Amino acid sequence: MNRSPALASAAYGTARHPFRASLPLHVLRELPKLEPEVVAAMRRAEDKLREADIRSEPVNLKRITMQDLRDFLIAYCACFLAVMAFIA
């Protein structure tokens, strides 16, 4: 296959179309993945999240009651029956 020299020498920022060739080079540059404002907002949100104390106390296994076990088993059985009814 015969390739023209114009195709082989096309590099980043160059244009083969007449309209694109008339544009300045800064218009043809690649855009950033995220805008600087978005990156700054993400950093601020991460900083606020680090500062916030949002973790709950660890679960004390000695404080689990029979009512907690009953509630868990009722929810487990209800989900199991719903899945079985969906499959059947």
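The protein chain in this predicted model exposes about 9,000 Å² of surface, and carbon and sulfur atoms supply 64% of that area. Set beside this is the share of residues that are covered: of the 88 residues in the protein chain, 2% are buried.

Let me turn to the secondary structure. The protein chain holds five helices and zero strands. Following the sequence from start to end, one reads the pattern α-α-α-α-α.

I shall take helix 4 as an example. This helix covers residues 36-51, which is 16 residues. How far apart should its ends be, at 1.5 Å a residue? The expected span is 22 Å, and the end C-alpha atoms of helix 4 are 23 Å apart, so the two values agree. As for its surroundings, helix 4 is hardly covered, and the count of buried residues in it is zero.

Helix 4 also gives us a charged pair. In general, side chains of opposite charge can pair when their charged atoms come close. The count for this model is one salt bridge. Which residues form the salt bridge? The partners are arginine 50 and aspartate 47, whose closest N and O atoms are 2.9 Å apart. Their positions help to explain the pairing: the two residues are three apart in helix 4, and therefore arginine 50 and aspartate 47 are separated by about one helical turn. Arginine 50 counts as exposed, at 61% relative accessibility, while aspartate 47 is partly exposed, with a relative accessible area of 39%.

Next, please look at the loop between helix 3, residues 25-28, and helix 4, where leucine 34 is placed. Leaving aside residues up to four places away in sequence, leucine 34 touches Val39 and Met42. Leucine 34 is partly exposed, at 40% relative accessibility.

I now move to the cysteines. A disulfide is a covalent bond between the sulfur atoms of two cysteines. In this model the count is zero disulfides. Why does cysteine 77 have no such bond? The closest cysteine sulfur, in cysteine 79, is 9.5 Å from the sulfur of cysteine 77, which is too far for a bond; the cut-off for a disulfide is 2.5 Å. The reverse view fits this, as cysteine 79 is in no disulfide and its nearest cysteine sulfur is that of cysteine 77. With a relative accessible area of 42%, cysteine 77 is partly exposed, whereas cysteine 79, at 51%, counts as exposed.

Finally, there is a nonpolar patch on the surface. Which residues form this patch? They are Phe72, Leu73, Tyr76, Phe80, Leu81, Val83, Met84, Phe86 and Ile87, and together they have about 1,000 Å² of accessible area. One of them, phenylalanine 72, lies in helix 5, which covers residues 66-87. Phenylalanine 72 is exposed, with a relative accessible area of 53%.

To close, I return to the main points. The chain has five helices and zero strands, and buried residues make up 2% of it. Its charged pair joins arginine 50 to aspartate 47, and its nonpolar surface patch includes phenylalanine 72.

Key. Residues are numbered from 1 along each chain as its sequence is written. This is a predicted model: local features need pLDDT of at least 70, side-chain atom pairs count only at pLDDT 80 or more; totals for chains, interfaces and linings use all residues. Side-chain values use heavy atoms; hydrogens and water are left out. Helices (H or I, at least four residues) and strands (E, at least two) are DSSP runs, numbered from the N terminus. Buried means under 20% relative accessible area, exposed over 50%, partly exposed in between (1.4 Å probe, protein chains only). Accessible areas come from the Shrake-Rupley method with a 1.4 Å probe; for residues, only the protein chains shown count as cover. Patches are made of residues with over 30% relative accessible area and no salt bridge: like charges are joined within 9 Å, nonpolar side chains (Val, Leu, Ile, Met, Phe, Trp, Tyr) within 5 Å. A salt bridge is a side-chain nitrogen of Lys or Arg within 4 Å of a carboxyl oxygen of Asp or Glu. The expected span of a helix is 1.5 Å times one less than its number of residues. Contact means heavy atoms within 4.5 Å.
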